[in-house]
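Student: Could we go through the helix packing in this model, and then look at a few individual residues?
Tutor: Certainly; let us have it in view before we begin.

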Amino acid sequence: MARPTMAQDIERRIKELILERRLAPGDALPTEAELMDLFEAGRVSVREALKSLQAVNVVEIRRGYGTFVGSLSLSPFAEGLAFRAAVRHRQGEPGLAELMRVREALEAGLVGTVAAGVPDEDIDVLRGLVEKMEADAGGGRVARATDRAFHLALYASLDNHLLSEVLDAFWAAMDRVREDFDDGHQDPWVTCSQHREIVEAVAAADGDRAVRAMRTHFDGIRDRLNAG
C-alpha cells in the first residue's frame, strides 16, 4: 500500500481540524500561511491539499477573502455515479439499470416506514405534485422535475438531510445517463396512476400497500429501460 503524499496527509489533517473545531459550512479556516505553520508544510503541499478538498466541496476558496468550510454537498458523489454509469452504458453494460436497482432498494425499503406517519400537510404536497403530473400528462409527458420533487417530498417527514441528498444524487446521476435514452414512449397517465397509488397507500398508513406500489412503479421503469 502506497504511503500518502504530504498533500494527502494535509488533506486528512484539515478535515480533522474542521471536526475538532466544530466548524460548519461557511466558517472560516486558517489562512494558507497559518496552515503552513500549523502543519509545518510547504506552500505547494498546502495549496494542493486545499484544491483537492475544494474539488469535493469540503473547502471553498474565495479569492481575496480566504478559505472556508465548503458546502459538503454530494454533487461530486453524483458526478462519480453518473460517470461510472455512463462509461458502463457506452460499453454495453447495464449502468443505468444498476443505478435504478440501488435506488429501488432504498426507496422500497423506506416507503413502508414512511407510511406509518406522514403528516397531512405532506400528503397535501404529494397530492398536489400528482395533480401537477396530471396537468403535464395532458401535454404528453410528465416533467422530470415534478417526478423528482415527488420522490424527495415523499420522505420529507423523516427529516433526514443525508437521505435527501443521497436520493437527489441518484436523480442527478440518472438524469446525466438518461440523456442516452429516449423514453418518449412512456405513457404519462400510467406514471400519474402509479404515483397516485403511492400517495393513497401512504395516506392510508398502509405500509405493505405502499411497498407494492413503489415496486410496481420501478417495474415500469425497468420495462422501459429494457425496451430502450
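Student: Which residues of H6 and H7 meet each other?
Tutor: This is a predicted model. In it, Val-125, Leu-126, Leu-129, Val-130, Lys-132, Met-133 and Asp-136 of H6 meet Thr-146, Asp-147, Ala-149, Phe-150, Ala-153 and Leu-154 of H7. By class, the contact of H6 with H7 has 9 nonpolar, 1 polar and 3 charged residues.

Student: At what angle do H6 and H7 pack, and how far apart are their axes?
Tutor: Helix H6, residues 120–137, and helix H7, residues 144–154, pack at an angle of about 165°, and their axes are 10 Å apart. H6 and H7 are therefore roughly antiparallel to each other; the cut-off for that term is an angle over 145 degrees. The crossing in which H6 passes H7 is left-handed.

Student: And how about H7 with H9: what is the crossing angle there?
Tutor: The axes of H7 and H9 cross at roughly 15° and come within 12 Å. H7 and H9 are therefore roughly parallel to each other. H7 passes H9 in a left-handed crossing.

Student: Which residues make that contact between H7 and H9?
Tutor: From H7 there are Asp-147, Phe-150, His-151 and Leu-154, and from H9 there are His-195, Ile-198, Val-199 and Val-202. The contact of H7 with H9 divides into 5 nonpolar, 2 polar and 1 charged residues. Phe-150 and Leu-154 are on the H7 side of this contact, and both also appear among the H7 residues that meet H6.

Student: Turning to the largest nonpolar core, which residues touch the most other members?
Tutor: The core has 37 residues, and those that touch the most other members are Leu-99, Phe-150, Leu-154, Tyr-155, Val-202 and Met-214. The elements giving two or more residues to this core are helix H4 (75–90), helix H5 (95–114), H6, H7, helix H8 (161–177), helix H9 (188–203) and helix H10 (207–227). As a general point, nonpolar side chains in soluble globular proteins tend to be buried together.

Student: What does Leu-154 touch, leaving out residues up to four places away in sequence?
Tutor: Leu-154 touches Glu-107, Val-111, Val-114, Leu-126, Ile-198, Val-202 and Met-214. Of these partners, Leu-126 belongs to the H6 side of the contact with H7, while Ile-198 and Val-202 belong to the H9 side of the contact with H7.

Student: What lies apart from the largest core?
Tutor: Another core, of 16 residues, lies apart from it; among its members are Met-36, Phe-39, Ala-49 and Val-58.

Student: Phe-39 sounds like H2. How do H1 and H2 cross?
Tutor: Helix H1 (residues 6–20) and helix H2 (residues 32–39) have axes that come within 12 Å and cross at roughly 105°. H1 and H2 are therefore roughly perpendicular to each other. Ile-10, Arg-13, Ile-14 and Leu-17 of H1 make the contact with Leu-35, Leu-38 and Phe-39 of H2. By class, this contact has 6 nonpolar, no polar and 1 charged residues.

Student: Changing topic to phi: what value does Asn-57 have?
Tutor: Phi of Asn-57 is near 65°, a positive value in a residue other than glycine. For background, most residues other than glycine have a negative phi. Asn-57 is in the loop between helix H3 (43–55) and strand S1 (59–62).

Student: Is Asn-57 buried or exposed?
Tutor: Asn-57 has a relative accessible area of 18%, so it counts as buried; the cut-off is under 20%.

Student: What about Asp-159: where does it lie?
Tutor: Asp-159 lies in the loop between H7 and H8. Its phi is positive, about 50°, although Asp-159 is not a glycine. Asp-159 is exposed, with a relative accessible area of 61%.

Student: Finally, in H8, what are Asp-175 and Arg-176 in contact with, leaving aside neighbours within four places in sequence?
Tutor: Asp-175, in helix H8, is in contact with Arg-144 and Arg-148. The C-alpha atoms of Asp-175 and Arg-144 are separated by 8.7 Å, with the two residues 31 apart along the chain. Arg-176, also placed in helix H8, is in contact with Glu-79 and Ala-82.

Student: And what is the relative accessibility of Arg-176?
Tutor: Arg-176 is at 34% and counts as partly exposed. Asp-175 is likewise partly exposed, with a relative accessible area of 26%.

Technical notes:
Residues numbered from 1 in each chain as written. Predicted model: local features only at pLDDT ≥ 70, side-chain atom pairs only at ≥ 80, totals over all residues. Heavy atoms only, no water. Axes fitted to C-alpha atoms, helices over the stretch in contact; angles between N-to-C directions. Parallel < 35°, antiparallel > 145°, perpendicular 65-115°, else oblique. Left-handed = near helix turned anticlockwise from the far one by under 90°. Contact = heavy atoms within 4.5 Å. Nonpolar A, V, L, I, M, F, W, Y, C, P; charged D, E, K, R; others polar. Core = buried A, V, L, I, M, F, W, Y, C linked by side-chain atoms within 4.5 Å. Buried < 20%, exposed > 50% of the residue type's maximum accessible area, 1.4 Å probe, protein only.
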